[in-house]
Amino acid sequence: MEAILTDCIQNSLRHFMLKNAIFLCERLCAEFPSEVNLQLLAACYLQNNQAYSAYHILKGTQTAQSRYLFAISCFQMDLLNEAETALCSVNEPGGEIPNGAAGHYLLGLVYRYTDRKKNAIHHFRLALSIDPLLWAAYEELCVLGAAEEATVVFGEAAALCIQKQYLHHGLASPSLRMSSEDYNLVSSRNFGSEDVSPRQLKHTQGNGLRDIPGNHHGAAVLSRAASQPQNGGPSNMSFYTTPSPMASQLSGVAPPPLCRNLQPNGSNLNTVNTDGSPRSVVNSTIQAPRRKFVDEGKLRKISGRLFTDSGPRRSTRLAGDAGANTNANTTAVAGNGTNSSTKYLGSSKLSSVTLRTVTVHKGQSWANENIEEGIRNEAFDDSRANMASTTSSSLPSGDVRSLDQDGATVPVGGVVISSSKVISGASEVLGLLRTLGEGYRLSCLYRCQDALDTYLRLPHRHYNTSWVLSQVGKAHFELVDYLEADRAFTVARRVSPYSLEGMDIYSTVLYHLKEDMKLSYLAHELISTDRLAPQSWCAMGNCYSLQKDHEIALKNFQRALQLYSRFAYAHTLCGHEYVALEDFENGIKSYQNALRIDSRHYNAWYGLGMIFLRQEKFEFSEHHFGMAFQINPRSSVIMSYLGTALHALKKSEDAIKIMDRAILADRKNPLPMYQKANILMSLEKLNDALQVLEELKEYAPRESSVYALMGKIYKRRNMHEKAMLHFGIALDLKPSATDVATIKAAIEKLHVPDELEDNL
């Protein structure tokens, strides 16, 4: 009877009949009460998104597998202290962490979210040393800024580790095969993609207790049975001491079509996906939290100086409106009727950006793509062969010969293959992970151009996956190249219309491009695809924010946080809206919440700096801009505002130096040049200031603030006719209402000396 019930439960789980599995498993536990059967019941509840049920069932159990499942339940319920206690048994202070690599990975997540970075890094590295194919752990190390180069992590040591796991254990240690009892339990705990229904994926997204912001892995790292064969044969992972995390909850926000596209044969999840795409395509769905965006085009009113916008539309988005205006000779009007005069690409630049084709891979261009399918041409693709040969050549030849024992065969994933194929397969997988890993590591370090160059080395079939294309879009976004970011995300949508990977960032790209129609359509599509995904509500919030409806936008961002409380980017977006509503107290709280989740989330540091700058707390402002600069030293906007804070603290020489660095970092950005002119003007270096502004006119010919500042300088030099001319040009460019008033006041006092004007 026990065997029959167990088999029925396994079949129910394989066919997504979770309610039936739970019912039968309750009968099993009633008839045959044992901890193994309780583990099976807890696994059924976890798959059905009932972590609280699994929590109560397993509370007080002591076996390693029970502790691991209990820790998963605690993690999903945000009971991190209990999760840590379960993984690090009090009775065994130096005891082994249950489930090897998966256990270390889960413990690393617990340490990360309890702000113990060093411990988190230690356990993520341990997880990778045990299971070199545990990509999720490497992603976390990248997010924490502690990842080694991918060539080291996925190099010779990793290859030998994989070979030993498959070949030595498979040939010499048959005892490592699971007992029938273990197999019955493990099969029922298959948390792979084939065991989670499309509806269940949506329920998983809705509980607000997901594991990590960028990659929903933790809830899936449940057992050593990452993928079981449908026919009840030996486990695919029976030669793998610690398998990679399971797929279904690696992508906690993937919408229903994803399940339909997965293969039903329980493929080994430690290798690439069945369609040739890396596992990370399924893994990561919310990475943005740590890299958000400063509004590079926004010239603000700070300490009484004239800026283009009347108020901070989105002061803490670290990106400009570059590329938003595809006709630089036409003035774009924002949603509130004011001139959005911050597009800093001149007409010649814009025309070249609009008309050029972008080389993306081996001389191919976006224009050469199959636009209907979004798939790049794949003729003469020899990347895979090169990758495999490179990896194989890096392996010690003696070890390879010793493992290839006269054509010995081993079972892998339910299929018997030769040991030589195991070696070559491991080489190919590691070669692929090296390229993907290095690109992702460089992105997390904000070396975005280097990351783009790295991704271009991928084979076409992997480059044209939603995960890679989304990473390409994010890199272009960080480089403030919104047109290319839009193109990359558009192709990603065509390749995988059901994937939400990077869609929160895509919505921000459209926000800065002021593509209100495209943004509205994207938000509608995302809500239709999965209304329980936080990215969908972030897109909706950006849509309302673009229409200046900040209160509704704030509600949408708060809805995203209800669905996933560890989404740092959503906290930052809430901070943006609070600042737009001039609720600085709640804005500070939102940015601080983002930093509690991700201390390297430089946008939150920047947002705090902007608030303190507006409150004229310049010491605090300098500190927070400095922290943002340490994390992302390549951002022209961060350097610009850091220089502004330094100038306010009377550190003008340091301010000019940092402004020069900002200008070199991005010559398209008018902000540092404008700020440098302001600083030079305050130092009475009027000729130098005019020279900078004349150069700035070439990059931003329709910036009213540039002409207004030139008018002020000419007034100081008593050149009233030229001052009047430039004030008039500034008014003709239709600045915001506040700036209009400022300019008119300057015209009225044109013949009043500055000394007398200051005393009025």
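Of the 760 residues in this protein, 61% count as buried, and I should say at once that we are looking at a predicted model, so please hear every value that follows as computed from that model. The accessible surface comes to about 28,100 Å², and carbon and sulfur atoms account for 52% of that area. In terms of secondary structure, the protein has 39 helices and four strands. If we take the contacts with a separation of 6 or more, 67% of them join residues that are 24 or more positions apart.

Let me turn to two helix pairs, beginning at the N-terminal one. Helix H1, residues 2–14, packs with helix H3, residues 35–47, at an angle of about 20°, and the two axes are 12 Å apart. Because angles under 35 degrees count as roughly parallel, H1 is described as roughly parallel to H3, and the crossing of these two helices is left-handed. On the H1 side, the contact is made by Glu-2, Thr-6, Ile-9 and Leu-13, while H3 contributes Asn-37, Leu-40, Cys-44 and Gln-47. Sorted by class, that contact of H1 with H3 holds four nonpolar, three polar and one charged residues.

The second pair is H27, residues 550–563, with H28, residues 568–580, where the packing angle is about 160° and the axes lie 9 Å apart. Which way do the two helices run relative to each other, roughly parallel or roughly antiparallel? Since the cut-off for roughly antiparallel is an angle over 145 degrees, H27 is roughly antiparallel to H28. The crossing of H27 and H28 is, again, left-handed. From H27, the residues making the contact are His-550, Ala-553, Leu-554, Phe-557, Gln-558, Ala-560 and Leu-561, and from H28 they are Ala-570, His-571, Leu-573, Cys-574, Glu-577, Tyr-578 and Ala-580. By class, the contact of H27 with H28 consists of 10 nonpolar, three polar and one charged residues.

Finally, I would like to stop at a single residue, Leu-664, which lies in helix H33, spanning residues 652–665. Is Leu-664 buried or exposed? Its relative accessible area is 64%, and because the cut-off for exposed is over 50%, Leu-664 counts as exposed. As for its surroundings, the C-alpha atoms of Leu-664 and Ser-636 are separated by 8.3 Å, although these two residues are 28 residues apart along the chain.

Definitions and conventions
Residues are numbered from 1 along each chain as its sequence is written. This is a predicted model: local features need pLDDT of at least 70, side-chain atom pairs count only at pLDDT 80 or more; totals for chains, interfaces and linings use all residues. Side-chain values use heavy atoms; hydrogens and water are left out. Axes are lines fitted to C-alpha atoms, for helices over the stretch in contact, and angles run from 0 to 180 degrees between N-to-C directions. Angles under 35 degrees count as roughly parallel, over 145 as roughly antiparallel, 65 to 115 as roughly perpendicular and the rest as oblique. A crossing is left-handed if the near helix is turned anticlockwise from the far one by less than a right angle, and right-handed if clockwise. Contact means heavy atoms within 4.5 Å. Ala, Val, Leu, Ile, Met, Phe, Trp, Tyr, Cys and Pro count as nonpolar, Asp, Glu, Lys and Arg as charged, and the others, Gly among them, as polar. Buried means under 20% relative accessible area, exposed over 50%, partly exposed in between (1.4 Å probe, protein chains only). Accessible areas come from the Shrake-Rupley method with a 1.4 Å probe; for residues, only the protein chains shown count as cover.
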